[in-house]
Amino acid sequence: MLKLTTWGTRGSLPTTSTRCVRYGGATTCLEIELFDTDSNTPNRIIIDAGTGLAELGRRKFSEIDGALFLQTHLHWDHIQGFPFFGPLFKAGAEFRFLGAPRDSTGLEATLREQMRAPNFPVSLDILPSKLVFDDIERQGSMLLGELRLSWDEMHHPSDGCTAWALEYRGFKVVFSGDAELNLGGAKALEALAQNADILVADAQYLEHEYPARVGWGHSTPSQVVEVAKRASVQRLLLTHHDPSHDDDTLDQKAEGARLLAGHMPVSNAHDGMSICLGAPLALAS
Ligand SMILES: [Zn+2]
Ligand SMILES: [Zn+2]
């Protein structure tokens, strides 16, 4: 069994407003739990460390003693929850990070800098948990026990973004990260997401907003739906919601996507949403 939880679904900037309570305002963080794993297979994968990571750490503090972190890129909305992830402060916990360097220094240096004074009062060097950082190429795949990881590069300013595919015992979940499919990467995402059970994809802008935002690094629902249909995706979740979009606007965004999607189920991801694959009954909340 595999369980996907979206802890942060807002893009660009955390959002707090009474008009955004249904979808939430935490920035990007996804958790994928794998069940019945052997000792070579990670049982908890966390994609991106946006502010949604803080709530994940709070809700599951007692049960988390390790995780595999997959990073899409290093923009603030994808790392800002990292210093507030409580399990980092547990002695004996072990966390591994995989990410493509986005400058000459790489993932570890960026997270270290984020926690360096005067940015933050606790240095990464004094954390009691064990952190292992591995830089990866911008395209590739690897097998970790029964988990197959595949990834490819998306178009996103200024220096790209990783889309990740996770396959475990016949189930497949794909996350596109931040991606402007109109300017590149659509074919790569189509290949990565082929026959995926779930594609979670950046669809930040409404169709009428996009012409004024070309080059800003994000997609619209129609661009994402087109790729998902070509890839024969089973279910599409829209994410990286714009911080200016309230709940009603996001409802309209999803409704517009559904009109284009035909038989493929499409909905907005929201903070705290879980989907189980392989359970006796598929659960969604
Ligand atoms: Zn982002
Ligand atoms: Zn970004």
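1. Start with Leu149. In this predicted model, Leu149 touches Leu68, Leu70, Leu98, Gly140, Ser141, Met142, Leu144, Trp164, Ala165 and Leu166, leaving aside residues up to four places away in sequence.

2. Leu149 also belongs to a bigger picture: the largest nonpolar core has 29 residues, and Leu149 is among those with the most contacts inside it, along with Ile45, Ile47, Leu70, Trp164 and Leu166. Note that Leu70, Trp164 and Leu166 turn up among the residues Leu149 touches. Another core, of 28 residues, lies apart from that one; Met154, Ala179, Ala188 and Val233 are among its members. As background, nonpolar side chains tend to be buried together in soluble globular proteins.

3. What does the secondary structure come to? Count five helices and 14 strands for the protein.

4. Now the overall form. The C-alpha trace spans about 50 × 45 × 35 Å along its principal axes. A compact globule of 285 residues would have a radius of gyration near 19 Å, and the protein's 18 Å agrees with that.

5. How much is tucked away? Of the 285 residues, 58% are buried. As for contacts with a separation of 6 or more, 66% of them come from residues 24 or more positions apart.

6. Last, the outside and the charges. About 11,900 Å² of the protein is exposed, with carbon and sulfur atoms supplying 53% of that area. Charged side chains come to 25 positive and 37 negative, and the centres of the two sets lie 3 Å apart.

Key:
Residues numbered from 1 in each chain as written. Chains lettered and ligands numbered in written order. Predicted model: local features only at pLDDT ≥ 70, side-chain atom pairs only at ≥ 80, totals over all residues. Heavy atoms only, no water. Core = buried A, V, L, I, M, F, W, Y, C linked by side-chain atoms within 4.5 Å. Buried < 20%, exposed > 50% of the residue type's maximum accessible area, 1.4 Å probe, protein only. Contact = heavy atoms within 4.5 Å. Helix = DSSP H or I, 4+ residues; strand = E, 2+ residues; numbered from the N terminus. Rg over C-alpha atoms; globule rule 2.2 N^0.38 Å. Areas by Shrake-Rupley, 256 points an atom, 1.4 Å probe, with all protein chains shown as cover. Lys, Arg positive; Asp, Glu negative; His and termini not counted. Charge placed at Lys NZ, Arg CZ, Asp CG, Glu CD.
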